[in-house]
Amino acid sequence: MSVNLPVTPAPLMIVNLAAITAPQNVWFGNEWSPESGTEFHHHSSLPPNTAITSITPDEHPRSSTILRPHSEEIGRKLWTLLEAAQDETFEDGMESDFSKGLTWLIQEYGTDAVEALAYFIAYEKADPEVSAETLRRLGLIEHPKTYNFRLWLLERSLQCSHARVRDAAGLGLSFLDDSHAVPYIRHAIEKELVNMLREDLQQVLDQLEIHE
Amino acid sequence: VPFVLRSGRRSRWYPDAVIQETLKDLQPDVNNKLSVWLIEDDRSNLMRVICALATWREEIENVDYILTDYQVIVRLNISIEHTLGASADDEANERWHRNLCDLTEQKRLGLAQAMKEKCESVRIPQKDIAVLLADGIIAGRVNRGKMRLKSPALVKLDRVIKAQQAR
């Protein structure tokens, strides 16, 4: 399994990659919606060369956004975790070293950890298999403080380019069982070209629509 | 004709999934054996086997499975042995669990290609799995003590059992 991550130290790597791949003055698309179809929004009031931003901890990412640098410690730990996950074969329903590490990071660092993950997943920097496993886990972890951010990341990940990542996003949303995701899943179904995945997303939609 | 069921990830069986991805679902154990389940030709034991599969997991999640004709295994000259499964459903372990043996890389590749050409790939959602497990416990088919579920999942399962019993 290969992971398209550079081999620079984690904190430096995060900043550098962001500067290269993300438009400047960009923040994660907390205004992204099925209607707009826009992944990222430019925000002219943000300072230049600010590539990594943060979403207010413990708040819904759609409600407010602040700038905050990533902690070096979180970046390094996440980097190590993602790298090690390359060698794991994941099995449904079973814990792995990766899932244990991921759960620990989220319990320890809360939204800061999810934010760092969001970067790797939304910008598709991590190996798709690892991203997919992350998204499944984000739906299973019991951690109320990060719930809204995890929900947002799962909804956002329905737009990823890898089918297995979209599938895992759908699964994560089915585990959260939150009808908030309904319009995002509807939109994903409309756009989905892989028949089997479209069926699976429809299954998730049927489940969530019961709550509406 | 009976079927052979293997649990796996449905996304690894997408038509455009590379064969290396598919092969991850056909990874034998350290003894070079691949655990599968025999499904009767009328599929009467299908849901029970799926429930059995769910009992040896640590989380209540969806179960994805791949179902293929028994003849596919025979045609590829893959040995099948009748061995006891490790699930929490003793009867299912005894009656329907099988191992595919002596899998060479070539046989695994042939199996993956043959299954990809002709198989059913199905996902049973997490909520249905929870109900299957609860019904299995209530009916006495599933030995709760042998389940591998972690405690948060057990708490959820207890809620489903109560709801099923109240029906």
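This passage describes the contact between chain A and chain B and the two largest pockets of a predicted model.

In the predicted model, the contact between the chains draws on 26 residues from chain B and 28 residues from chain A. The area buried between chain B and chain A comes to about 2,500 Å², and carbon and sulfur atoms account for 44% of this area. Within chain B, the residues that lose the most area to chain A are R9(B), Y14(B) and R123(B), which together make up 27% of what that side buries.

Polar and charged interactions between the chains were also counted. Between chain B and chain A there are 15 salt bridges, and 20 residue pairs are in polar contact, with both residues of each pair at pLDDT 80 or more. On the side of chain B that touches chain A, β6 (120-124) and α6 (126-138) of chain B each supply at least two residues, and by class the residues of this side comprise 15 charged, 6 nonpolar and 5 polar. One of the salt bridges joins E61(B) to R137(A), with the closest N and O atoms 3.7 Å apart, a separation that falls within the 4 Å cut-off applied to such pairs.

The largest pocket has a volume of about 600 Å³, and its lining is made up of 27 residues, among which E91(A), R6(B), S7(B), Q27(B) and S35(B) lie nearest the centre of the pocket. Both β1 (3-7) and β2 (34-39) of chain B supply at least two residues each to this lining, and the largest share, 4 residues, comes from β2(B). Divided by class, the lining of the largest pocket holds 12 charged, 9 nonpolar and 6 polar residues.

The second largest pocket has a volume of about 500 Å³ and is lined by 22 residues, of which F175(A), D177(A), Q126(B), K127(B) and K156(B) are the closest to its centre. Helices of both chains contribute to the lining of this second pocket, since at least two residues are supplied by each of α5 (128-140), α6 (147-157) and α7 (163-176) of chain A and by each of α6 and α7 (151-166) of chain B. The helix α7(B) gives the most to this lining, with 5 residues. The class division for the second largest pocket is 11 nonpolar, 5 polar and 6 charged residues, whereas the lining of the largest pocket has 9 nonpolar, 6 polar and 12 charged residues. The helix α6 of chain B thus appears in two settings, supplying at least two residues to the side of chain B that touches chain A and at least two to the lining of the second largest pocket.

Key: Residues are numbered from 1 along each chain as its sequence is written. Chains are lettered from A and ligands numbered from 1 in the order in which they are written. This is a predicted model: local features need pLDDT of at least 70, side-chain atom pairs count only at pLDDT 80 or more; totals for chains, interfaces and linings use all residues. Side-chain values use heavy atoms; hydrogens and water are left out. Contact means heavy atoms within 4.5 Å. Buried area is the accessible area (1.4 Å probe) that two parts lose on being put together, summed over both. A salt bridge is a side-chain nitrogen of Lys or Arg within 4 Å of a carboxyl oxygen of Asp or Glu. A polar contact is a pair of N or O atoms within 3.5 Å; within protein, one must be able to donate a hydrogen and the other to accept it, and residues adjacent in sequence count only if both atoms are side-chain atoms. Ala, Val, Leu, Ile, Met, Phe, Trp, Tyr, Cys and Pro count as nonpolar, Asp, Glu, Lys and Arg as charged, and the others, Gly among them, as polar. On a 1 Å grid over the protein atoms alone, a cavity is a set of points where a 1.4 Å probe fits but cannot get out, and a pocket is an open set with protein on both sides within 12 Å along at least five of seven lines; lining residues have an atom within 4 Å of a point. Grid points are joined across faces, edges and corners, and a volume is the space filled by probe spheres set on the points.
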